[in-house]
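Reader: I would like a close look at one part of this model, the sheet and the strands at its edge. Please also follow the contacts that lead away from there.

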Amino acid sequence: MKGFFVHTMEKVDIKNFCLEDLEAFLQGLGKEKYRAKQIFKWLYQRGATSFDEMTNLSKDFRQELALQARITSLQPEKVEKSVDGTKKYLFVLEDGSSIESVLIPEEDRATLCVSTQVGCAMGCRFCLTGSFSLKRNLSCSEIINQVCAAQTTDRITNIVLMGMGEPLANLENVISALKIMTCPDGFQISNRRVTVSTSGLVPEIEKLGRAVIVNLAVSLNATTDEQRDLLMPINRKYPLATLIAACRNFPLPNRRMITIEYVMVRGINDTIEDARRLVKLLKGIPVKVNLIPFNEYDGCEFRKPEQESIDRFHRHLLYKNLTVITRASRGADISAACGQLRAKMEKDGAN
Ligand code: SAH
Ligand code: SF4
């Protein structure tokens, strides 16, 4: 249960509510349920920043709302633009922590990559975010406000939860945020265009599947437990066999596929034997594979693979009839590529 049933002097942050939560909150104030949809439209379709703007609500009601609740927003502290059009937003939160979001415009879409935590506890060895420990979870409103901020200048068509943090380690807030993103009265983004990426928290994958319909991306990154233990400590808790079983059991609507992310690291997981093992592991699961050449960053212990190994790996998966794309690194000149998000954590002493 959320804190809004507890009587405190503090106003509730209305963007922490998914539609059902807001309906319950309003009913607690003795209001009609349908008012929640009206408020949602103001917040997420018209970008309202005050209750005063909500002119289809009575003046008294607006005043009452303003006493009980507040409308938060995030202003970017900095927006960096890459030569390829990718934009990186830096946001500073109320407690001084900072997070980043990345907007990737393409011909037919604009994808926003949002953060779900400040830092990350998973400690993957190839990830810059992972080299800083977890500071805290983001609230639902902090996740949603990244979308609100980007939407003031660009029409967002797709959302990926692939920024800083492990989304499934912040499951409750992430589920509320996903509901707002896909809600017909909220951001109205089709659930086919929203993707949650996870390092492989097996019980939470199951819970996510039960709570919402969205796309799932799994950062597999290895084909043996030995390799994966080395790259991703979470594998010691949920080894490959259990992760693959969770993928197999994930409820997929018609013709959808799970995205398997595979960061290729030179000399670690980039051989043709890895490609063969990957095909075997994924047999019978509807998947598309994203090959991501490792992005190097200052102080990293790994190297990106040779182009030849990437091509060989890619060709083998194709030959075995898997859907595969090798992801081009976008926004590299502004450190906006995968795994390079870390905001100013080290300077703030947040680690
Ligand atoms: N925590 C989630 C989502 C954020 S990480 C997860 O791990 O899935 C998003 C993606 O970036 C993951 O697929 C991860 O494997 C990848 N990644 C992390 N560091 C990287 C790096 N240095 N180069 C390339 N991809 C990286
Ligand atoms: Fe966390 Fe994902 Fe980075 Fe692993 S890859 S440390 S889970 S953000």
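Author: What follows starts with the sheet, moves along its edge hairpins and the salt bridges there, and ends with the ligands and some loop residues.

The model is a predicted one. Its open sheet consists of 10 strands, ordered E3-E4-E5-E6-E9-E10-E11-E12-E13-E14, and the pairing is mixed. The edges are taken by strand E3 (76-81) and strand E14 (323-326); each has a single partner strand, so one side of each has no neighbour in the sheet. On average, and with direction ignored, neighbouring strands of this sheet are turned by 20 degrees against each other.

At the E3 end, E3 and E4 are joined by five bridges in the antiparallel sense. Within this pair, Glu-80 is placed opposite Lys-88 of E4. Five residues lie between the two strands of the hairpin, where Gly-85 has a positive phi near 95 degrees. E4 then runs antiparallel to E5, with six bridges between them. Here Lys-88 has Val-102 of E5 as its bridge partner. The hairpin of E4 and E5 also has five residues between its strands, and in it Gly-96 takes a positive phi near 90 degrees. Of the six residues of E4, five are buried, so the strand is largely enclosed by the rest of the structure.

Lys-88 also takes part in side-chain pairing: a network of salt bridges links Glu-80, Lys-88 and Glu-100. In general, side chains of opposite charge can pair when their charged atoms come close. The structure holds 20 salt bridges.

Two further salt bridges involve the loop between E4 and E5. In one, Arg-70 pairs with Glu-94, and the closest N and O atoms are 3.1 Å apart. This pair links distant parts of the chain, since Arg-70 belongs to strand E2 (residues 69-70) and Glu-94 to the loop between strand E4 (87-92) and strand E5 (98-106), 24 residues apart. Arg-70 is partly exposed at a relative accessible area of 30%, while Glu-94 is exposed at 68%. In the other, Arg-136 pairs with Asp-95, with 2.8 Å between the closest N and O atoms. Because Arg-136 is in strand E8 (residues 136-137) and Asp-95 in the loop between E4 and E5, the pair ties together parts that are 41 residues apart in sequence. Arg-136 is partly exposed, with 23% relative accessibility, and Asp-95 is partly exposed as well, with 41%.

A salt bridge within a helix can be set beside these. Asp-274 pairs with Arg-277, the closest N and O atoms being 2.9 Å apart. Both residues are in helix H10 (residues 272-282), three residues apart, or about one turn of the helix. Asp-274 is buried, with a relative accessible area of 2%, whereas Arg-277 is partly exposed at 33%.

Further along the sheet, strand E11 (residues 215-219) and strand E12 (residues 258-264) run parallel and are joined by three bridges. Ala-217 has Thr-259 in E12 as its bridge partner. The loop between E11 and helix H7 (225-231) contains Asn-221. Although not a glycine, Asn-221 has a positive phi of about 65 degrees, and at 1% relative accessibility it is buried. Asn-321, also not a glycine, has a positive phi near 65 degrees. Asn-321 is found in the loop between helix H11 (307-319) and E14, and with 71% relative accessibility it is exposed.

The ligands complete the account. Ligand 1 is surrounded by 20 residues, the closest being Phe-126, Gly-165, Ser-197, Ser-219 and Asn-295. A polar backbone atom of Phe-126 is 2.8 Å from a nitrogen atom of ligand 1, and a polar backbone atom of Asn-295 likewise lies 2.8 Å from a nitrogen atom of this ligand. Glu-166 places a polar side-chain atom 3.4 Å from a nitrogen atom of ligand 1.

Glu-166 is also among the residues around ligand 2, together with Cys-120, Met-122, Gly-123, Cys-124, Cys-127, Gly-130, Gly-165 and Ser-199. By class, this shell divides into four nonpolar residues, four polar ones and one charged one.

Key
Residues are numbered from 1 along each chain as its sequence is written. Chains are lettered from A and ligands numbered from 1 in the order in which they are written. This is a predicted model: local features need pLDDT of at least 70, side-chain atom pairs count only at pLDDT 80 or more; totals for chains, interfaces and linings use all residues. Side-chain values use heavy atoms; hydrogens and water are left out. A residue is near a molecule or strand if one of its heavy atoms lies within 4 Å of it. Ala, Val, Leu, Ile, Met, Phe, Trp, Tyr, Cys and Pro count as nonpolar, Asp, Glu, Lys and Arg as charged, and the others, Gly among them, as polar. Two strands pair if DSSP finds at least two bridges between them. Helices (H or I, at least four residues) and strands (E, at least two) are DSSP runs, numbered from the N terminus. Axes are lines fitted to C-alpha atoms, for helices over the stretch in contact, and angles run from 0 to 180 degrees between N-to-C directions. A salt bridge is a side-chain nitrogen of Lys or Arg within 4 Å of a carboxyl oxygen of Asp or Glu. Buried means under 20% relative accessible area, exposed over 50%, partly exposed in between (1.4 Å probe, protein chains only). A polar contact is a pair of N or O atoms within 3.5 Å; within protein, one must be able to donate a hydrogen and the other to accept it, and residues adjacent in sequence count only if both atoms are side-chain atoms.
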